[in-house]
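Welcome! Take a moment to look over the sequence and the model, and then we can walk through a few of its features together.

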Amino acid sequence: MTVLDALAPTAPWAGPMLYACLLFGLRYLVVAGFWFVMSRPVAGRGGGRAHAVTPGSRFDVRSAALHEAVRSAVAIGVFTLVYGVCAGWQLDRWMAVYLDDRHPLWWIPVSIVLALLLHDTLFYWLHRLMHTRALFRRVHLVHHRSIHPTSFAAYCFHPLEALLEGLAVLAVFCIVPMHLGAMLAFETIGLIYNCYGHCGREFYPVGWGSHPLGRWLNSSSNHAHHHLRGSGNYGLYFMVWDHLMGTAVEQNALQQDAPDTVPMELLPDSQMV
Ligand SMILES: [Zn+2]
Ligand SMILES: [Zn+2]
């Protein structure tokens, strides 16, 4: 056997890659498009409430969304590649995804909640890693170029960050036994929450961030603050790790960020009219 034979995929990979590409791409377009229409992240327009860091009228939301969508397409390509490698080299045998009835029905919702908690944990620490001096400018800055993100920023990552994010999700599927339907539901719920977090408007009730339940959930306002200031509120779905590690920015601090405090020179040219 030659080296090339040893490195060659042992199972069909093109079909799974095509399926993953269509699934990731179409789901992203539908979900991000939905939140984009719902929110129109420009002051004075859209559903929900403008949060404290909504940009002013100079912000060109369409070109910002287009820029984010193009970068997101690259990330979707990386996710597709990861699934292709998994299928081709049969690494998916390490995943705990099942199609039969080996676990009771109640496990399906429980497994989705566990997957969200585990993914949030992996995301939080990966995100903290991305904010280190070594990785921020080289890698994570691609995501933070969106100082006022739109829903299309959900997958707007440097390819290396996209690879690590894709592997984090695969790690969840290796650890938490999930029915295929639960796996798809978890991915879709995750993307819906991710696009909401970047949409530029707030849909939770006023005061939700200081509610005993609401303070443990991440929100669009919290993540908008992260993009504007470049620190704090590192979680994806929850604020659990942010509260535990002292990186949460409380709501009263968010309210102090008036829209006109945004340093406009920080906006990339692509987002200016
Ligand atoms: Zn960040
Ligand atoms: Zn973000």
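This is a predicted model. A good place to begin is a meeting of two helices: R27, Y28, V31, A32 and W35 in α2 meet T188, L191, I192, C195 and Y196 in α7. Sorted by class, this contact of α2 with α7 has eight nonpolar residues, one polar and one charged.

How are two packed helices described? By the angle between their axes and the distance between the axes. Here, α2 (residues 14–39) and α7 pack at an angle of about 35°, and their axes are 9 Å apart. The crossing in which α2 passes α7 is right-handed.

Next, have a look at α6, which runs over residues 159–175. Its 17 residues reach 24 Å from first C-alpha to last, close to the 24 Å expected at 1.5 Å a residue. Which residues of α6 are buried? They are E161, A162, E165, G166, V172 and F173. These residues lie on the same side of α6, because they cover an arc of only 140° around the axis. The partners that the buried residues of α6 pack against include α3 (61–88), α4 (107–130), α5 (133–144) and α7 (180–198). Also among them are the strands β2 (97–98) and β3 (178–179).

Finally, two loop residues other than glycine have a positive phi.

| Residue | Phi | Loop between | C-beta neighbours inside 10 Å |
|---|---|---|---|
| Q90 | near 55° | α3 and β2 | 12 |
| N233 | near 55° | α8 (220–229) and α9 (240–245) | 23 |

Are these residues buried or exposed? Q90 counts as exposed because of its 12 neighbours, whereas N233, with 23, counts as buried.

Notes. Residues are numbered from 1 along each chain as its sequence is written. Chains are lettered from A and ligands numbered from 1 in the order in which they are written. This is a predicted model: local features need pLDDT of at least 70, side-chain atom pairs count only at pLDDT 80 or more; totals for chains, interfaces and linings use all residues. Helices (H or I, at least four residues) and strands (E, at least two) are DSSP runs, numbered from the N terminus. The expected span of a helix is 1.5 Å times one less than its number of residues. A residue is buried if 20 or more other C-beta atoms lie within 10 Å of its own, exposed if 12 or fewer, and partly exposed in between; C-beta atoms are placed from the backbone. The arc is that of the directions from the helix axis to the C-beta atoms. Two residues are in contact if their C-beta atoms, placed from the backbone, lie within 7 Å. Axes are lines fitted to C-alpha atoms, for helices over the stretch in contact, and angles run from 0 to 180 degrees between N-to-C directions. A crossing is left-handed if the near helix is turned anticlockwise from the far one by less than a right angle, and right-handed if clockwise. Ala, Val, Leu, Ile, Met, Phe, Trp, Tyr, Cys and Pro count as nonpolar, Asp, Glu, Lys and Arg as charged, and the others, Gly among them, as polar.
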